[in-house]
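Work through these exercises with the structure open beside you. Try each task before you read its solution.

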Amino acid sequence: MPSFPFEPPLQPFQPDNSRVPTSPCPSYSPPDSPSPPRQLNTPLPAYPPHLVSPRFSGDFAGLGLWSHGEKELEKKASIGSEWSARARPPTPPRFGRKTEHDRDLGKRVEKSGDALSPTGSSFSPHLDDDDVFHASIRQQLGSGPPSASSSRLSLTSPLLGSKESRIDFIPHQRHTHGARSDSNLLAGPKNAGGVKESHGRRRFIKYGVVFLGVFTAAVGLVSKLREERLHWGGDQGFRGINLAETVVSSEPEIKIQNKGGDGDVVTLEDGSTFIYVNQFGGTWDSSARGLGARAQSYTPALAERWDYAKNTIAGVNLGGWLTTEPFVTPSLYEPFMDDEFPAIDEWTLSISLGDKLAEVLEEHYKTFITEEDFAEIARAGLNWVRIPLPYWAIETFDDEPFLAHIAWNYFLKAITWARKYGLRLNLDLHTAPGSQNGWNHSGKTGSMGFMNGVMGIANAQRTLNHIRVLAEFLSIPEIAEVVPMFGILNEPQVWVMGDESLRSFYMEAYDTVRQVSGLGEGRGPVNKQLPSQRYTADRSYAQIISIHDSFSGPASWATFLRGADRLALDQHLYFAFRDPNTLSLPQSAFMPCDKWAWKTNMTLGTFGLTTTGEFSVAVNDCGRFLNGVNLGVRFEGTYPNTRKPAFAGVGSCKKWDDYRDWNDEMKEDLKNIAYAHMDAHRNWFYWTWKTGVSLTTNRTTSPLWNYSLGVREGFLPSDPQRALGFCKSNAAVQDKPLREYAWDGKLKPYQTGGVGAGKIDPKQMKKYGTFPPPTLTGGLVASLLPTYTRTGTPVTLKGVPTQAPIKGDDVEMVEEQGWFVPVKGCSYIGPWSGVKAAVPTAACTGA
C-alpha cells in the first residue's frame, strides 16, 4: 500500500521475553514427486497419495490402468481421476514404460476370460450430464482380426495429448470371435479312427453353448454399462461395441463432471485440468446458476443464507489485479522507474505503455489472477474475496489515459469463479475521478479532487453514476447471490474534504443504491422480476452497503445513519504506516487484540456490521515500492527520501524482504500475529492474496503482504479458524491485561434488512440529507462550482441479463433518475485539474 496518514505512535510495552506458544498449525512440506493432473500452486496440507492415481469404482479399482508416455505425463493430467470414482487403486501409480505389474495386468485380463470385464468386475465411473470433457475410445488395429499379441483397446483424451500417452490394456484373444472360421466350427472334427460322427455333433453343440454363453454375457455387460450410463455422457456412452472384433469401433463423447469435492478433477475453460484439493470439505459446482458449492463444509453454501451475526468473514483481497499497484505488481512499473517521468501509478503507467497499454494490461489481468486462485482461496480456509475495481472498468473521459472497460470482463470471470467454488464477493469501488485520497491506488498520485476543489462536486456526481450502475448490476439475482456486499468508495480522505462533505456523499450514495435495490432483506431490484421458484424470504440478495471509516476510527461512526438498511462499516488496520515499529514479534502479536478487538466489538453493538477490509501481518513498511515508486522506507529512515527523512531509521529491511532467510521461530511469530488480527477483527479481508515478482530481484516482493505465499511457506495460517480465542489465550501466556468489550452476538433487525430497515434517524437526515453540502473545504461555495445535470441515459454494463417488468407489490417502486452528464453550454476543466483552479464567480446554467 502507499503511504498512509501519520497516526499517533503506539505506546510500546516494555520488552517482554516471554514467548507466545507455538501455533497449533503444523508447518507443511510439499510432496516430493509431481502428480498429474496438474496440482494447484499453493501446496496446503498434502492430499492423500492415492489421489494422484487413476481412480475407478467397483472391482475395476484393482486394475491399475496406468498411462504410458513419460514426458507427456509430466505435462498432462492423469486421466484416471476424470471418472471421479468412489474407490481407489490399491497400488501407487506407475509412469513411463511397462513394468512387471503391467505385464501381470495383461495376464490377469487374459485369465479373466473377458476382455471387457476383468475378474468379472463391473465398470462404473461417475460423470454428470452437464459435463464438458470429451474423449474417445478408438480401434488401433485397422482391418483384420485381432490377436493376443496385437489387439489393444486404447483410451485417448485431450488430457493425454499425443498417442504416446494413453491408457492401454491387451484383450484376450477370443477364438469365438474370428480366430477360427465358422465353416471349420460347423464342420467339426473329421471322422477318423472309428470316432462316431455323433461325437462331432456333440462337440458342435458344446462349442455352440460356450459361444452363446460368452455372447450373452457380453451383451449383458454392455446393457448394464448402458443402463448405468457410466457417467460417460449419458446415453452416448459405449456405443457401437462390435463383439465380433472385440474392439470399440465408434468414438463416443465423454463428459466430465460439473461438481465435486476434494480429489476430483476440475476442468478449466481452456480444457486444462487440475485436482481440486480442500481439506475442509469444500465443494465446487460449475453448472450454470449453480448455488450448491461451499468453500468449506462449515461455510454456508451460496444457496444458503449468510448470517452476519453468527457467520464470520474470513476473506482476502485481490489487490493489484484490476486496479494495479506498484508494490503488488512491481514488474509492470520497473521498466519505467528510471525514466524522466517514471510510472508511479496507473495514470502514468498508462501513458508510459502507450500503444502497448491494452496488450500489457490485459495479459496482466489474464495471468495475475486465474480460476485456480479461487480454488486455492477456498483451499486456504477462506470464504470471501474482496475485489478492488477501478471506475474506468465502467467508463472514462477523453482526457483520461486509463484502459477503459477491459477490467470489467475479468470481474465477470471472477463472479463465475466465485460461484464455482462457493466464495462470496465484496466488490469495492477502489477509485474515483479526481482521486478520493491522492494515493497511487486511486489511479493518480498527488492532489485529491473528489469533494475538494473546483471539480469536487462534479467528480462526486460522476462517482454516483458509477455507484448506481454497479448497484443495478449487483441487484440482479444471478449476481447478488454471489456478490452480497458492495464497498461504495475506498479510503476517502476525510481530513481533506471535511466530515460534512464525506457524510453527505455517503448519504447520497446510500439513497442511490437503495433506490435501485429496494428496502429490506429479500427485496429485489427495481423494475425487475424475481423468479419466485428460486428465491425464498430468508435469502438476502440485495447487497450490504459498506462505507469506509476514512481512518477516523469506528467510534466516530457509531450513530451515523442509524436505521439505515444493511449498512456496514469498513476499517483498514495496519501497523506498517506509523512510526517505525520497535516491538518484538511476540509483543506485536499482542497489539491487535489490545488495540482493536474491543473497539470492533463495541462498533458491532452500536453501528452494526463491522469488517476489517484490509490488514496484514507487516509490522513495518519494508517492501519494494510499498510507500510508492522511488520513495524510501520509514524503517530504514529513507522516507520520503534520504535528503528529507520523516523518520529516524531503526533497522534494515534486508531481513524482512527475503522470506527464504526466515527460520521456524520467526514464522511461528508471524503466524501468531495473523491469529491476533483475525481474532480481533472477527470479519476480515487480508491484503493481499499475492504479490508479483520483481524484475530486479527475480523473486516475490513484499512477502509479508502475500497471503498465498505465507500459507505455502508456513508463516501464515493454513486454517484461519484456529484464530478463534487467540487474543485471550495469548494475553494469559504473556501475563498482560487485555482491554475487552463484550458484544452480545446480535445485530439489530434493521441492520440486516429486517423490521425498521430504511427508517433513518430524522436528526441524521436533517444533518446529512442535503447533497451537495452548501460549502466545501476552503470555503468554496457549492452553488458556484461546476456540476452535472441528471438528464443523461444511464450506462448498461455488459453481462446484465434482461429481466421482465415487476408485477404487483414485490418491491417498493421508485422513480428512475437520469445519469449525471455535463450541462449543455457549460465548459468544464479536467476532472483531475480542479484543486488549484480558479473558482468561478458565477454559476453556469447552460445555453
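## Exercise 1: The largest pocket

Helix α16 contributes the most to the lining of the largest pocket, with four residues. This is a predicted model.

**Task.** State the volume of the largest pocket, then describe what lines the largest pocket.

**Solution.**

Step 1. Start with the volume. The largest pocket has a volume of about 720 Å³.

Step 2. Look towards the centre. The lining has 31 residues, and the closest to the centre are Met678, Asp679, Arg682, Leu724 and Gly725.

Step 3. Find the elements. Those that give two or more residues to the lining are α16, α18 (664-681) and α20.

Step 4. Sort the lining by class. There are 19 nonpolar residues, seven polar and five charged.

## Exercise 2: A residue beside α20

**Task.** Locate alanine 723, decide whether alanine 723 is buried or exposed, and list its contacts beyond four places in sequence.

**Solution.**

Step 1. Place the residue. Alanine 723 sits in the loop between α19 (707-713) and α20.

Step 2. Apply the cut-off. Buried means under 20% relative accessible area. Alanine 723 has 3% relative accessibility, so it counts as buried.

Step 3. List the contacts. Leaving aside neighbours within four places in sequence, alanine 723 touches Tyr675, Met678 and Asp679. Two of these names, Met678 and Asp679, also appear among the residues closest to the pocket centre.

Step 4. Check a distance. Arginine 682 is 41 residues away from alanine 723 along the chain, and their C-alpha atoms are separated by 9.5 Å.

## Exercise 3: Three disulfides

**Task.** Find the disulfides in the whole structure. For each, give the S to S distance, the handedness and the burial of the cysteines.

**Solution.**

Step 1. Count. A search of the whole structure finds three disulfides. A disulfide is a covalent bond between the sulfur atoms of two cysteines.

Step 2. Take cysteine 593 and cysteine 727. Their sulfur atoms are 2.1 Å apart. The torsion about the S-S bond is about -75°, so this disulfide is left-handed. Cysteine 593 lies in helix α16 (residues 591-606) and cysteine 727 in helix α20 (residues 726-734), so the pair ties together parts 134 residues apart in sequence. Both cysteine 593 and cysteine 727 are buried.

Step 3. Move to cysteine 622 and cysteine 653. Here the sulfur atoms are 2.0 Å apart. The S-S torsion is about -75°, so this disulfide is left-handed. Cysteine 622 counts as buried at 5% relative accessibility. Cysteine 653 is buried too, with a relative accessible area of 3%.

Step 4. Finish with cysteine 826 and cysteine 844. The S to S distance is 1.9 Å. The torsion is about -100°, so the disulfide is left-handed. Both cysteines lie in the segment after β22 (819-822), so the pair ties together parts 18 residues apart in sequence. Cysteine 826 counts as buried at 15% relative accessibility, whereas cysteine 844 is partly exposed, with a relative accessible area of 46%.

Step 5. Write the pattern. Count the bonded cysteines along the chain, and the disulfides read 1-4, 2-3, 5-6.

## Exercise 4: Backbone details

**Task.** Which peptide bonds to proline 640 and threonine 688 are cis, and where do arginine 566 and phenylalanine 625 lie?

**Solution.**

Step 1. Check omega. The peptide bond from tyrosine 639 to proline 640 is cis, with omega near 0°. Proline 640 lies in the loop between β17 and α17.

Step 2. Take the next cis bond. Tryptophan 687 and threonine 688 are joined by a cis peptide bond, with omega about 10°. Threonine 688 is in the loop between β18 (684-686) and α19.

Step 3. Check phi. Arginine 566 is not a glycine, yet has a positive phi of about 55°. Its place is the loop between β15 (544-548) and β16 (567-572). At 1% relative accessibility, arginine 566 counts as buried.

Step 4. Repeat for phenylalanine 625. Its phi is positive, near 65°. Phenylalanine 625 lies in the loop between β17 and α17, and counts as buried at 8% relative accessibility.

Conventions:
Residues are numbered from 1 along each chain as its sequence is written. This is a predicted model: local features need pLDDT of at least 70, side-chain atom pairs count only at pLDDT 80 or more; totals for chains, interfaces and linings use all residues. Side-chain values use heavy atoms; hydrogens and water are left out. A disulfide is a pair of cysteine sulfur atoms within 2.5 Å. Buried means under 20% relative accessible area, exposed over 50%, partly exposed in between (1.4 Å probe, protein chains only). On a 1 Å grid over the protein atoms alone, a cavity is a set of points where a 1.4 Å probe fits but cannot get out, and a pocket is an open set with protein on both sides within 12 Å along at least five of seven lines; lining residues have an atom within 4 Å of a point. Grid points are joined across faces, edges and corners, and a volume is the space filled by probe spheres set on the points. Ala, Val, Leu, Ile, Met, Phe, Trp, Tyr, Cys and Pro count as nonpolar, Asp, Glu, Lys and Arg as charged, and the others, Gly among them, as polar. Contact means heavy atoms within 4.5 Å.
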